[in-house]
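Trainee: Please show me the sequence and the structure, so that I may put some questions about them.

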Amino acid sequence: MHAEDNSVYKRRLGFVVCEAEGALLRMRQLWVWMLLMALAFVNDRCHCCLQEERSGLLEIKAWFGHAGAASSELRGWDKEDLNCCNWSGVACYNTANRVTGLVLSGVNDGALGKDLYLNASLFLPFKELDYLDLSRNHLVGGLKNPGSLLSILFSVHIN
């Protein structure tokens, strides 16, 4: 009888150990799943442009809006959309998500019928900007001068 009890005890102990290993495996799987979900969330959040550049783009939109230009191009620029690299007229460097190009052509094309004096400091947040198209906006001032800040820093297209 003693050998039989020992055998039952070993079977029960083996069952408990297997059950504990199964629970431990399920816990590890749960932790791995939670980690993957957290990484996916962080990765999704990281595919957006820099806050400074997004704010700069929204300032440009506000400036044109305040000046009276009502372009459909800028209507999609929404402060709730964190990825300004997907906004119309915005080009970004893929790996760094830095704004490298802006096409603002025709934002003020005939909307006001008057010339606008653009504040060049609106473009200071864009450290990697190398292409800027401001054509067909009735812009005046130092922008067309060959030595102007914008023409020196960027490939500026103004007509």
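Trainee: Where does Asn97 lie?

Mentor: The model is predicted: local features need pLDDT of at least 70, side-chain atom pairs count only at pLDDT 80 or more, and totals for chains, interfaces and linings use all residues. Residues are numbered from 1 along each chain as its sequence is written, and side-chain values use heavy atoms, with hydrogens and water left out. Helices (H or I, at least four residues) and strands (E, at least two) are DSSP runs, numbered from the N terminus. On that numbering, Asn97 lies in the loop between β1 and β2.

Trainee: What is the phi of Asn97?

Mentor: Most residues other than glycine have a negative phi. Asn97 is not glycine, yet its phi is positive. The residue sits in the turn of the hairpin that β1 and β2 form, with four residues between the strands. Its phi is near 55 degrees.

Trainee: Is Asn97 buried or exposed?

Mentor: Buried means under 20% relative accessible area, exposed over 50%, and partly exposed in between (1.4 Å probe, protein chains only). The relative accessible area of Asn97 is 12%, so the residue counts as buried.

Trainee: In which sense do β1 and β2 pair?

Mentor: Two strands pair if DSSP finds at least two bridges between them. Here β1 (residues 90-93) and β2 (residues 98-103) have four bridges. One of the bridge partnerships joins Val90 to Leu102 in β2. The sense of the pairing is antiparallel.

Trainee: Which side chains of β1 are buried?

Mentor: The side chains alternate along this strand. Ala91 and Tyr93 point to one face and are not buried. On the other face of β1, the buried side chains are those of Val90 and Cys92.

Trainee: Which residue forms a disulfide with Cys92?

Mentor: A disulfide is a pair of cysteine sulfur atoms within 2.5 Å. In this case the two sulfur atoms are 2.2 Å apart, and the torsion about the S-S bond is about -95 degrees, so the disulfide is left-handed. Cys92 counts as buried at 17% relative accessibility, and its partner is buried at 16%. That partner is Cys85.

Trainee: How many disulfides does a search of the whole structure find?

Mentor: Besides the bond between Cys85 and Cys92, a disulfide joins Cys49 to Cys84, with an S to S distance of 1.8 Å. Cys49 lies in the loop between α1 (2-46) and α2, and Cys84 in the loop between α2 and β1, so this pair ties together parts that are 35 residues apart in sequence. Counting bonded cysteines along the chain gives the pattern 1-2, 3-4. The search of the whole structure finds two.

Trainee: Which residues of α2 are buried?

Mentor: This helix has 16 residues and reaches 22 Å from its first C-alpha to its last. An α-helix has 3.6 residues a turn, so residues three or four places apart point the same way. What covers the buried residues of α2 includes β1, β2, β3 (116-117) and β5 (139-140). The buried residues are Glu53, Arg54, Gly56, Leu57, Ile60, Trp63 and Phe64.

Trainee: How many aromatic pairs does the structure hold?

Mentor: Rings of Phe, Tyr and Trp (its six-membered ring) pair if their centres lie within 6.5 Å; planes under 30 degrees apart count as stacked, over 60 as edge-to-face and the rest as tilted. Trp63 and Phe64 form an edge-to-face pair, at 4.9 Å centre to centre and 80 degrees between the planes. Trp77 and Trp87 form a stacked pair, at 5.6 Å centre to centre and 25 degrees between the planes. The number of aromatic pairs is two.

Trainee: Which element gives the most to the largest nonpolar core?

Mentor: A nonpolar core is a set of buried Ala, Val, Leu, Ile, Met, Phe, Trp, Tyr and Cys residues joined through side-chain atoms within 4.5 Å. The largest has 26 residues, and those with the most contacts inside it are Leu57, Ile60, Val99, Leu102, Leu104 and Phe123. Elements that each supply at least two residues include β1 and β2. The element that gives the most, with four residues, is α2.

Trainee: Which residues does Leu57 touch, not counting residues up to four places away in sequence?

Mentor: Contact means heavy atoms within 4.5 Å. Leu57 is a buried residue of α2. The residues that Leu57 touches, without those up to four places away, are Trp77, Cys84, Trp87, Val90, Val99, Leu102 and Phe126.

Notes. Expected span 1.5 Å × (residues − 1).
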